[in-house]
Amino acid sequence: GSTTLVHQIDEAIIAFTEQSSRFLAPVYANDTVYPALTITDLKAQRTTGVMTLRATVHNQDGELVMEGEHKLLIRRRPTDAA
């Protein structure tokens with residue numbers, strides 16, 4: 001399930017290399033916010049890779065209150081020998 005996927009991603013992360021955020025609207029006490037991460041790019045290197053994620057946060061009215069980008073250096077999954 002999703003818990004297994006999160007565990008696999010967590011173990012693959014080597015470093016958080018970049019982060020940017022733009023705060024687009026205020027958030028108030030008692031607001032409910034909904035964060036989301038979307039993988040927008042994967043660049044493979046020899047033993048590692050760079051994963052780019054788009055980060056968004058919407059409030060309870062569906063208004064985009066924050067957006068940004070994260071870049072992570074990750075371990076590549078070993079490939080099976082054919």
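## Report on a predicted single-chain model

The accessible surface of the chain comes to about 6400 Å², and carbon and sulfur atoms account for 54% of that surface. The model described here is predicted. Of the 82 residues in the chain, 22% are buried, where buried denotes a relative accessible area under 20%.

### Secondary structure

One helix and four strands make up the secondary structure of the chain. Along the sequence, these elements follow the pattern α-β-β-β-β; the helix therefore precedes the strands in the numbering, which runs from the N terminus.

### The sheet

The four strands form an open sheet, in which their order is 1-4-3-2 and the pairing is antiparallel. Strand 1 and strand 2 are the edge strands, each pairing on one side only. On average, neighbouring strands of this sheet are turned by 20° against each other, with direction ignored.

Three of the strands may be listed by their residue ranges.

| Strand | Residues |
|---|---|
| Strand 1 | 13-23 |
| Strand 2 | 33-44 |
| Strand 3 | 48-59 |

How many bridges join strand 2 and strand 3? These two strands pair in the antiparallel sense over 11 bridges. A single residue illustrates the pairing: Lys 43 has Val 50, in strand 3, as its bridge partner.

### Contacts along the chain

A further value concerns contacts between residues at least 6 apart in sequence. Among these contacts in the chain, 54% join residues at least 24 apart. A contact here requires heavy atoms within 4.5 Å.

Note on methods. Residues numbered from 1 in each chain as written. Predicted model: local features only at pLDDT ≥ 70, side-chain atom pairs only at ≥ 80, totals over all residues. Heavy atoms only, no water. Pairing = 2+ DSSP bridges. Axes fitted to C-alpha atoms, helices over the stretch in contact; angles between N-to-C directions. Buried < 20%, exposed > 50% of the residue type's maximum accessible area, 1.4 Å probe, protein only. Areas by Shrake-Rupley, 256 points an atom, 1.4 Å probe, with all protein chains shown as cover.
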